[in-house]
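Please walk through this protein step by step, with the sequence and the coordinates side by side. The account begins with a sheet, moves on to a strand and a metal site, and ends with a helix and a loop.

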Amino acid sequence: MELNHTHDACRRSWLDSANASGCDFPLQNLPLGIFRRTGSGEAWRGGVAIGDQILDLAALHDTGCLRDLAAEATRAAAAPTLNALLDLGPSAWRALRHGVFALLEAGGVHERQVRGTLVPQAAAEFAVPVRIGDYTDFYTSLDHAVNCCRQFGLEVNPNFDWLPVAYHGRVSSIGVSGQQVYRPMGQYRPDPGGAPVHGPCQRLDYELEVGAVIGIGNERGTPIPLARAQQHIFGLCLLNDWSARDIQAWEMQPLGPFLAKNFATTLSPWIVTLEALLPYRASWTRAPERPQPLDYLRSAQNEAAGAFDIQLGVSIRSARQLAQDLQPRTLTRTSFRHQHWTLGQMIAHHTMGGCNLQGGDLLGSGTISGPSPGEAGALIELTVSGTQPVDIGNGEQRGFLEDGDTVVFRGWCERQDYARIGFGVNHATVLPAPTCA
Ligand code: CA
């Protein structure tokens, strides 16, 4: 994939809201999601975000404005999940992007017909955009690992420099932005030396992550080499890996996360395609004093452009802030470019043993924390396990999350001479623990 006219910052849409300064969804972005009009009972179908509107791909297909491969891609994307579009492969994803770009650009000859297919984002509800087969969550921020280990007087495990650590996660509880998240019940030990108790989690946390949607998988027994790994990604979204810290501390002895992570994961509704993200790739380097990766996790291309400079922000909006119409303070600002491993390296390692990825699989990047104190991607780091609560904007303090809190992630890319593109918002709200019958 190479930069092309769809990345040209000078191109404008005939839709005014797409040209507004600070808009997440200008002509150069064109992310895909699954939507319907709120409360309508309509069929779920694919859409493309443009300005404050959604281009309805089912309606667009019916207009006949697109031809050939772009038309085939539109028909596939008109379904209730994007999986059929993923199956068509990169040439179809590209044809769809380029076809939609031409239709939405100022001067597009079918403006009147295309206008008739727009649905306001404010009038829509969203679904998880792909039928996810498998979900793997990584642990790839060295800053996150160091911050967490330091609290417990531990060193980061030696394997951290050598392989992208991960566990296989839970798909059934993955939801889309707007998800209501019940505070999980579980076992934990209030007294680290005593017996465990059973009750609502007391240390509920979020993890700021980027989600990668696999577009094209691999045959079992045929690993994906690092050189081709990025070609297997359809696009990226924002991912909240909800985490129950007290349950996690007790149950992760000796295996990985279980009830501490399986109750909910929240995705942003829009998947920003890899082609849209091309201008914002970044170099990836390792501090020279740390071990360098083994050969299969190393390539010049990965070092030149294997990372993505995605700007990220986190805030918590309490029930009181919502009731008083107060906006929360941004607690964290960081970038995805700081990760210790790239998405390409995660894919190359994931498949190295012969495991087959499939279109629609989801990879979580692991918590994204940067090198300075204001860049912590989870409360356990930001508040030092709750011992140093933070002001969320109106004087309310948080060590961990309270019922009624809404966790809000934002993500966007900016680079000189290129358009600003955004991921939209990933927000989800904590509900009290369910009562057992
Ligand atoms: Ca995680």
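In what order do the five strands of the open sheet lie, and what is their pairing? In this predicted model, the order is β9-β26-β25-β20-β21, and the pairing is mixed. The edges are taken by β9 (180-182) and β21 (330-335), and because each of these has a single partner strand, one side of each is left without a neighbour in the sheet. On average, neighbouring strands of this sheet are turned by 20° against each other, direction ignored. Within the sheet, strand β20 (residues 311-317) and strand β25 (residues 406-413) are antiparallel and are joined over seven bridges, and along this pairing V314 stands opposite F409 in β25.

Both of these strands also appear in the account of the nonpolar interior. The largest nonpolar core has 56 residues, and those with the most contacts inside it are Y206, L236, W242, L277, I310 and L401. At least two residues of this core come from each of β13, β14 (233-241), α9 (274-277), β20, α12 (343-352), α13 (379-382), β25 and β26 (421-431). Another core, of 44 residues, lies apart from it and includes F101, A127, Y135 and I271.

Strand β13, one of the contributors to the largest core, deserves a closer look. Seven of its seven residues are buried, so β13 is largely enclosed by the rest of the structure. From this strand L208, V210, A212 and I214 point one way, while E209, G211 and V213 point the other way, and all are buried. β13 runs antiparallel to β14, to which seven bridges join it, with I233 in β14 as the bridge partner of I214. β13 is also antiparallel to β22, here through three bridges, and G211 stands opposite G364 in β22.

E209 of β13 leads on to the metal site. Which residues are the protein donors of the calcium ion? They are D137 (OD), E207 (OE), E209 (OE) and D241 (OD), lying 2.2 to 2.4 Å from the ion, and their spacing in sequence is D-x69-E-x1-E-x31-D. The pair D137 and E207 links distant parts of the chain, since D137 is in strand β6 (residues 135-139) and E207 is in the loop between β12 (204-205) and β13 (208-214), 70 residues apart. D137 has a relative accessible area of 1% and is therefore buried, and E207, at 5% relative accessibility, also counts as buried because the cut-off is under 20%.

Helix α4 (residues 90-104) offers a helical counterpart to these strands. It has 15 residues and reaches 21 Å from its first C-alpha to its last, close to the 21 Å expected at 1.5 Å a residue. The helix is mostly covered, as 11 of its 15 residues are buried; among them are W93, L96, R97, H98, V100 and L104. F101 is buried in α4 as well, and F101 is also listed in the core of 44 residues.

The last stop is G360, in the loop between α12 and β22 (362-364). Is G360 buried or exposed? At 0% relative accessibility, G360 counts as buried. Leaving aside neighbours within four places in sequence, G360 is in contact with N83, L86, V130, R131, I132, G133 and I214, and I214 is the residue of β13 whose bridge partner in β14 is I233. G360 and A84 are 276 residues apart in sequence, yet 9.6 Å apart in space, C-alpha to C-alpha.

Technical notes. Residues are numbered from 1 along each chain as its sequence is written. This is a predicted model: local features need pLDDT of at least 70, side-chain atom pairs count only at pLDDT 80 or more; totals for chains, interfaces and linings use all residues. Side-chain values use heavy atoms; hydrogens and water are left out. Donors are N, O and S atoms within 2.8 Å of the metal (3.2 Å for Na, K and Ca); water is not among the atoms, so sites may look incomplete. Helices (H or I, at least four residues) and strands (E, at least two) are DSSP runs, numbered from the N terminus. Buried means under 20% relative accessible area, exposed over 50%, partly exposed in between (1.4 Å probe, protein chains only). The expected span of a helix is 1.5 Å times one less than its number of residues. Two strands pair if DSSP finds at least two bridges between them. Axes are lines fitted to C-alpha atoms, for helices over the stretch in contact, and angles run from 0 to 180 degrees between N-to-C directions. A nonpolar core is a set of buried Ala, Val, Leu, Ile, Met, Phe, Trp, Tyr and Cys residues joined through side-chain atoms within 4.5 Å. Contact means heavy atoms within 4.5 Å.
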